[in-house]
Amino acid sequence: VSRAEARAEFRAALRDNADDLMAYLERRTRSRDDAADALGETFLQAWRRYDAFPDEPTSQRMWLYGIASRVLANQGRSTRRRSALTERLRGLLMTSAAETHDVAEANAVRDAVLRLPATQRELVIMLHWEGLSLLEASERLGINPSTARSRYATARKLLRDAFTQIPPPAPGPVAGDKRPERLHSSRTA
Amino acid sequence: MNSDLDELLKLGEPRLAARTRDVGAELDRLVAVTEGMAASPRRSRRRLAVGGIALAAMLGGVAGANAGGFVDLIPGSASGNWFSDPGTVEHEFTLSSGDKCVVTYAVEPSEVEGVARLRSGMSADDWAAGLREARAAMNDPKTSEVDLAAAIARFADIDDATREQLKADGMPAAERSPALTPDQTQVLAFGNELLSGVKDRLREHGYDPSVVTIASVNDCRELS
């Protein structure tokens, strides 16, 4: 395979996985802006490392998710900065779906999930937002199912504690306008 | 309780953006653009290597722009698309864990052009020339060869002074950035040194140093 062909294959693999990667990032970030930025960063890191791209499709997919995961980990520790690279994508994502649910409460719930320790957070996202079973999630995370069960139980306890701090939605048609209390400071180190 | 919890989690499930044709086209563009951008740092590395500068050049990442605290210490250090800018410097750091990681620094405008010019009264030509000079400075060994130990000492002084000032200004402790770790400090100190060098050169050549700042990105898994 020539270098040009290898790059073309890599390009195609990125595109084939782009939608799923975007969904992966949307579920693990606080906003579509963050998800769009993380996708741009993931692509760029992938290109810079593409010499290490595996041959086998399943491994390729896992390799890309591994990069996305590291991007997220760094994004969480970082000061937010918006890249012009993804400006247009951010705009498209923001206007592509109307929110019809109670946005404030949903954001508070999502915030609580995203503040869980990483190992528990992944389980909750996989089980509740990606539709995996506990066994599937444990396989994907490479951990024993009993360990997954224990972590999941801990995650539920932490979430219950966090959710008790979310005030109930205000009555009436403007419930979505009422912002919940902040559960914790969102400041990151 | 469990059902309440499950209902709340369902409520919190992110609504994925619709994958419209426009979004698909933008993803195509993103793949292509990042391919081109990824080549840029390699050119930068070659240029630095030719100059004999001992900057290790491994993988440049874009994750994790400035480490925590940078923005507090160096205002205006976060924005813009610097990746395609020619003036970049990469440095490989040894972290406290023993791991190595590469941080890429780049000059970027400190403000949107129109805002900067309105504030300072500079012309569009001066603004562009200042940026060009700043990028050239990044490629100058006088700027990019950094004595890290000295840089850390200087940066620690700035950090201490900034924190004292914030305290004196009455900012609550909870709102101030946590103390920087040694790993964060060395990365920020290096960037601060680059920024000082660039600004010195701008002053020498008669340009407004406030036109630029330094942004950094890294491929560090941990920056403890």
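**Exercise 1. Helix H2 of chain A**

What should the 17 residues of helix H2 (residues 32-48) of chain A span at 1.5 Å a residue, and how far apart are its end C-alpha atoms?

Some ground rules come before the solution. This is a predicted model, in which local features need pLDDT of at least 70 and side-chain atom pairs count only at pLDDT 80 or more, while totals for chains, interfaces and linings use all residues. Residues are numbered from 1 along each chain as its sequence is written, chains are lettered from A and ligands numbered from 1 in the order in which they are written, and side-chain values use heavy atoms, leaving out hydrogens and water.

*Solution.*
- Step 1. Helices are DSSP runs (H or I, at least four residues), numbered from the N terminus.
- Step 2. The expected span is 1.5 Å times one less than the number of residues.
- Step 3. For H2(A) that should be 24 Å, and the end C-alpha atoms are 24 Å apart, so the two agree.
- Step 4. Check the cover: 16 of the 17 residues of H2(A) are buried. Buried means under 20% relative accessible area, exposed over 50%, partly exposed in between (1.4 Å probe, protein chains only).
- Step 5. Look at the start of H2(A): a side-chain oxygen of Ser31(A) comes within 3.1 Å of the backbone nitrogen of Asp34(A).

**Exercise 2. An aromatic pair**

Classify the ring pair Phe10(A) and Phe53(A), and place both residues.

*Solution.*
- Step 1. Rings of Phe, Tyr and Trp (its six-membered ring) pair if their centres lie within 6.5 Å; planes under 30 degrees apart are stacked, over 60 edge-to-face, the rest tilted.
- Step 2. The structure has nine aromatic pairs over all chains.
- Step 3. For Phe10(A) and Phe53(A), the centres are 4.7 Å apart and the planes at 85°, so this pair is edge-to-face.
- Step 4. Phe10(A) sits in helix H1 (residues 3-28) of chain A, and Phe53(A) in the loop between H2 and helix H3 (57-77) of chain A, so the pair ties together parts 43 residues apart in sequence.
- Step 5. Phe10(A) is buried at 1% relative accessibility. Phe53(A) is buried too, at 15%.
- Step 6. Both belong to one aromatic cluster with Trp47(A), Tyr50(A) and Trp63(A).

**Exercise 3. The largest nonpolar core**

Which residues touch the most other members of the largest nonpolar core?

*Solution.*
- Step 1. A nonpolar core is a set of buried Ala, Val, Leu, Ile, Met, Phe, Trp, Tyr and Cys residues joined through side-chain atoms within 4.5 Å.
- Step 2. In this core of 30 residues, the answer is Phe10(A), Leu14(A), Leu25(A), Leu39(A) and Phe43(A).
- Step 3. Two or more residues come from each of H1, H2 and H3 of chain A and helix H2 (21-50) of chain B.
- Step 4. H1(A) gives the most, with eight residues.

**Exercise 4. Salt bridges**

Compare the burial of the partners in Arg32(A)–Glu26(A) and Glu13(B)–Lys10(B).

*Solution.*
- Step 1. A salt bridge is a side-chain nitrogen of Lys or Arg within 4 Å of a carboxyl oxygen of Asp or Glu. There are 21 over all chains.
- Step 2. The closest N and O atoms of Arg32(A) and Glu26(A) are 3.7 Å apart. Arg32(A) is buried at 10%, and Glu26(A) is buried at 2%.
- Step 3. Glu13(B) and Lys10(B) meet at 3.2 Å, N to O. Glu13(B) is buried at 18%, whereas Lys10(B) is exposed at 53%.
- Step 4. Shared partners link Arg27(A), Arg28(A), Glu122(A), Glu130(A) and Arg140(A) into one salt-bridge network.

Technical notes: Polar contact = N/O pair within 3.5 Å; in protein donor to acceptor, adjacent residues only side chain to side chain.
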